[in-house]
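Here are a few exercises for getting to know a protein model. Keep the picture open beside you and try each task before reading its solution.

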Amino acid sequence: MDRRLMNIIISGFGFMFVFASFFTVSNIEETVLKIIEKEDPSFTGDGYTSQCIIYSVFALCNWLAPTIIGMIGSRKSIYLGSICYVLFLMPFFLPSKFLLYTISALLGFGASLIWTGQGTYLTLNSDSSTISRNSGIFWAMSTISISIGNVFMILVFRNKTEFNKSTRTLVFTVLAVVCGFGTFILMVLRPPVDAEGKENEVNLWKSNSMNPKQKIKDSVRLLMTKHMLMLSTLFLFTGLHISFYSGVYSSCIAFTKSISTNNEQLLGYTGLLVGVGEVIGGSLCSILGKKSSRSNSKFNGLSRSTVIIISFFINIVAYGLIFVNLPNDSPFGDTYTKSIIKPNQHLAVFCSFLLGLGDSGFNTQIYNMIGVKYSDNSASATSLLMFMQATSAAINFFYSNQFGIYIQLIILTIVMTIGTLSYIVVDKSVTH
């Protein structure tokens with residue numbers, strides 16, 4: 001097998017296990033912390049606040065991430081970042097508001113390292129003919145983690161109706177082991193190689209060995225370019241979308257008491273279907289990207305803009321169905337309020353699949369664009385992507401305690417529409 005492809009697959013496996021843990025925690029964090037607060041009123045930690053801290057610190061640290069990667073390389077950055085994800089599980093064994101928020105801040109720093117490092121590692125192991133295939137493969141492998149964690153949740157709650165202390169201990173112990181295993185895989189990542197099979201991370205180090213101040217200036221300069229500003233709108237949308245399906249939507253389902261007799265198990269099914277949508281979408285993008293680079297037939301696969309437009313309409317359908325299915329006050333806590341229709345668990349699960357499917361289309365094409373347009377400055381471009389995503393995710397978690405689900409869906413739709421149109425314009429300039 002091609003050594004570059006093998007590097008992508010190994011990194012995909014590492015991310016699969018690390019984020020099987022993290023995505024599962026994100027899916028249930030607000031619900032779990034509300035239960036802990038009921039058991040111990042002195043504990044006042046909030047899941048939305050924790051996620052807001054994570055993404056706020058994540059956004060700020062992305063300005064420093066390219067410099068750190070330039071100093072220690074993409075592999076060590078990925079490994080150090082993954083350790084922070086293991087540490088994030090501590091507050092669920094030892095509930096403490098201070099510990100929760102402190103570790104959340106540490107995880108934000110680790111997230112900037114692992115994701116900017118991975119974006120750089122992916123680009124260094126790809127070229128213009130393989131970037132679409134490789135980004136699709138990595139996305140499918142890393143996001144299957146959503147399904148893995150939630151299958152576990154479904155099995156745990158098969159014969160249970162409450163998330164008591166013993167059940168929480170079991171769940172978070174297993175998640176800690178899984179996350180630790182993924183960290184071990186990332187620890188043994190091989191150096192990235194170029195098309196001739198030569199290691200090329202040394203050259204990356206030399207090209208980035210400048211002071212942090214200069215590197216931040218370069219990132220700001222890149223951000224101020226016309227095309228990066230246009231792409232930033234879509235970057236912002238993907239952050240809003242990810243935080244919505246990974247934290248807000250799952251909490252809305254758990255808090256809507258008329259939707260199911262076992263909302264905890266339903267959380268597992270909704271998370272599972274998000275993962276299925278992500279994997280199917282990533283796989284399709286990889287297959288179509290492979291056709292596009294190798295086929296000489298009249299139909300050579302779907303263009304980047306076509307995939308973006310399809311993803312846009314998938315999300316429009318998902319947002320519309322969620323709008324009619326869940327009550328407006330569902331983000332805030334337990335509710336029996338009526339929605340436009342009677343809340344339906346099968347519709348809720350189907351919307352989860354659509355959210356994952358649409359998300360995969362947007363994200364694979366964003367990485368595709370970075371690999372093609374910013375191949376000579378991938379660390380800075382990826383860090384700007386992460387900065388925008390983290391900033392909008394933090395904003396989303398902040399206003400999730402303020403806005404009902406209807407306003408949140410309207411915001412998502414508006415930002416997505418602007419971002420989609422902006423991406424199409426940039427793609428045309430790259431293609432022609």
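What follows is a short set of exercises on this predicted model, each with a worked solution.

**Exercise 1. Find out how many salt bridges there are, and take the one with glutamate 39 apart.**

Solution, step by step:

- Start with the count: there are two salt bridges.
- Now pick out glutamate 39: its partner is arginine 168, and the closest N and O atoms sit 2.9 Å apart.
- Place both ends. Arginine 168 belongs to helix α8 (residues 165-187) and glutamate 39 to helix α1 (residues 3-39), so this pair ties together parts 129 residues apart in sequence.
- Check the cover. Buried means under 20% relative accessible area, so arginine 168, at 7%, is buried.
- Glutamate 39 comes out at 48%, so this one is partly exposed.

**Exercise 2. Do the same for aspartate 427: which residue does its side chain meet in a salt bridge?**

Solution, step by step:

- The partner is arginine 304, at 2.8 Å from N to O.
- This pair links distant parts of the chain: aspartate 427 is in helix α16 (residues 405-431) and arginine 304 in helix α13 (residues 304-325), 123 residues apart.
- Use the under 20% cut-off again. Aspartate 427 has 4%, so it's buried.
- Arginine 304 has 16%, so it's buried too.

**Exercise 3. Look at the aromatic rings: how many pairs are there, and how is phenylalanine 22 paired with phenylalanine 88?**

Solution, step by step:

- The total is 23 aromatic pairs.
- Before reading off a pair, recall that two numbers describe it: the distance of the centres and the angle of the planes.
- For phenylalanine 22 and phenylalanine 88, those are 6.1 Å and 55°, and the pair is tilted.
- Phenylalanine 22 lies in α1, while phenylalanine 88 lies in the loop between α4 (74-87) and α5 (90-93), so the pair ties together parts 66 residues apart in sequence.
- Both phenylalanine 22 and phenylalanine 88 are buried.
- For a second pair, try tyrosine 399 and phenylalanine 403: centres 5.3 Å apart and planes at 35°, so this pair is tilted as well.
- Here the cover differs: tyrosine 399 is buried at 8%, whereas phenylalanine 403 is partly exposed at 32%.
- Zoom out to finish: one aromatic cluster includes Phe22 and Phe88, along with residues such as Trp115, Tyr85 and Phe172.

**Exercise 4. Work out whether α8 has the span expected for its number of residues, and find what covers its buried residues.**

Solution, step by step:

- α8 has 23 residues, which should span 33 Å at 1.5 Å a residue; its end C-alpha atoms are 33 Å apart, so the two agree.
- Among the buried residues of α8 are Arg168, Val171, Phe172 and Leu175.
- The cover over the buried residues of α8 includes α1, α4, α5, α6 (97-124) and α7 (131-156).

**Exercise 5. Describe α14: its span, its cover and its N-terminal cap.**

Solution, step by step:

- α14 runs over residues 345-373, which is 29 residues, and reaches 42 Å from first C-alpha to last, close to the 42 Å expected.
- Of those 29 residues, 24 are buried, leaving the helix mostly covered.
- The cap is asparagine 344: one of its side-chain oxygens lies 2.8 Å from the backbone nitrogen of histidine 346.

**Exercise 6. Count the disulfides, then say whether cysteine 252 and cysteine 351 are buried or exposed.**

Solution, step by step:

- The disulfide count is zero.
- Cysteine 252 has a relative accessible area of 0%, so it's buried.
- Cysteine 351 is also at 0%, so it counts as buried.

Notes
Residues numbered from 1 in each chain as written. Predicted model: local features only at pLDDT ≥ 70, side-chain atom pairs only at ≥ 80, totals over all residues. Heavy atoms only, no water. Disulfide = S-S within 2.5 Å. Buried < 20%, exposed > 50% of the residue type's maximum accessible area, 1.4 Å probe, protein only. Salt bridge = Lys/Arg side-chain N within 4 Å of Asp/Glu carboxyl O. Helix = DSSP H or I, 4+ residues; strand = E, 2+ residues; numbered from the N terminus. Phe/Tyr/Trp six-rings, centres within 6.5 Å; stacked < 30°, edge-to-face > 60°. Expected span 1.5 Å × (residues − 1). Polar contact = N/O pair within 3.5 Å; in protein donor to acceptor, adjacent residues only side chain to side chain. Contact = heavy atoms within 4.5 Å.
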